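Welcome! Here is a short guided tour for someone meeting this protein for the first time. Have a look at the model, then read on.

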Amino acid sequence: MGGHGHRRLAVGGAPGLRHPLLVGAAGLYGGLWLNRHWLHWPLPALVTSHLADLLALPLMLGLALAAHRWLIDPRGTLPVAWLVGAWLGVSVWFEGLLPLWSARAVADPLDVLAYAAGTLGFHYWLNRPPGPLPRA
């Protein structure tokens with residue numbers, strides 16, 4: 001705690017943000033972004049079309065989990081209902097509603113499956129209590 005009763009959030013103080021899978025997902029997502037905007041290297045269509053969608057929800061949910069642990073419960077996990085809600089919200093917005101208003105957005109059912117796979121990956125590999133249980 002700081003001098004004013006506020007918690008300080010730092011990457012070093014939030015072990016969930018340092019999880020190798022989350023760091024790897026962030027690095028891959030960043031690499032895709034760099035390639036799309038600056039590098040323009042040719043990549044397989046499956047990578048350019050769906051990898052960012054696969055990584056999006058684990059990254060968003062990883063940040064939500066870090067905030068949850070910082071603000072509410074240091075050993076907490078996100079409830080399955082929140083994961084389903086996040087998947088449903090992202091899927092409806094990006095694959096259902098946004099294509100109605102934006103000519104750049106395209107509805108793709110495979111993206112919905114990529115969001116689901118990313119959410120399941122987050123649930124099974126990242127949404128776990130940190131470290132060993134404290135001794136009583």
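Let us begin with a pair of helices. In this predicted model, α2 and α4 pack with their axes 8 Å apart, at an angle of about 40°. That angle makes α2 oblique to α4, and the crossing of the two is right-handed. On the α2 side, the residues that meet α4 include S49, H50, D53, L54 and L57, and also P58, L61, G62 and L65. Their partners in α4 include L110, D111, A114, Y115 and A117, along with G118, T119, F122 and L126. Sorted by class, this contact holds 11 nonpolar, five polar and two charged residues.

Helix α4 has another partner to explore. Helix α3 spans residues 80-101, and its axis comes within 10 Å of that of α4, the two crossing at roughly 160°. Is α3 roughly parallel or antiparallel to α4? With a crossing of roughly 160°, α3 is roughly antiparallel to α4, because angles over 145 degrees count that way. The handedness of this crossing is right-handed. V80, L83, W87, V90, S91, F94 and E95 are the α3 residues involved, and they meet D111, V112, Y115, A116, T119, F122 and H123 in α4. By class, the contact has nine nonpolar, three polar and two charged residues.

Here are the two helix pairs side by side.

| Helix pair | Crossing angle | Axis separation |
|---|---|---|
| α2 and α4 | about 40° | 8 Å |
| α3 and α4 | roughly 160° | within 10 Å |

Now step back to the whole chain. How many helices and strands does the protein have? There are four helices and zero strands, and along the sequence they give the pattern α-α-α-α. The protein has 136 residues, and buried ones make up 26% of them. Of the contacts between residues at least 6 apart in sequence, 64% join residues at least 24 apart.

With that overview in mind, three individual residues are worth a visit.

The first stop is S91, which lies in helix α3. Its relative accessibility is 6%, so S91 counts as buried, the cut-off being under 20%. Which backbone oxygen does the side chain of S91 reach? That of W87, at 2.8 Å. Setting aside neighbours within four places in sequence, S91 is in contact with G96, V112 and Y115. Two of these names, V112 and Y115, also appear among the α4 residues that meet α3.

The next stop is N127, found in the segment after α4, a helix covering residues 109-126. N127 is buried, with a relative accessible area of 3%. Not counting residues up to four places away in sequence, N127 touches L65, T77, L78, L83 and F122. L78 also offers its backbone oxygen, which lies 2.8 Å from a polar atom of the N127 side chain. Along the chain, N127 and L61 are 66 residues apart, and their C-alpha atoms are separated by 8.7 Å.

The last stop is H40, in the loop between α1 (20-39) and α2 (45-71). Is H40 buried or exposed? With a relative accessible area of 55%, H40 is exposed, because the cut-off for that is over 50%. The backbone of H40 has a positive phi of about 60°, although H40 is not a glycine.

Conventions. Residues numbered from 1 in each chain as written. Predicted model: local features only at pLDDT ≥ 70, side-chain atom pairs only at ≥ 80, totals over all residues. Heavy atoms only, no water. Buried < 20%, exposed > 50% of the residue type's maximum accessible area, 1.4 Å probe, protein only. Contact = heavy atoms within 4.5 Å. Polar contact = N/O pair within 3.5 Å; in protein donor to acceptor, adjacent residues only side chain to side chain. Axes fitted to C-alpha atoms, helices over the stretch in contact; angles between N-to-C directions. Parallel < 35°, antiparallel > 145°, perpendicular 65-115°, else oblique. Left-handed = near helix turned anticlockwise from the far one by under 90°. Nonpolar A, V, L, I, M, F, W, Y, C, P; charged D, E, K, R; others polar.
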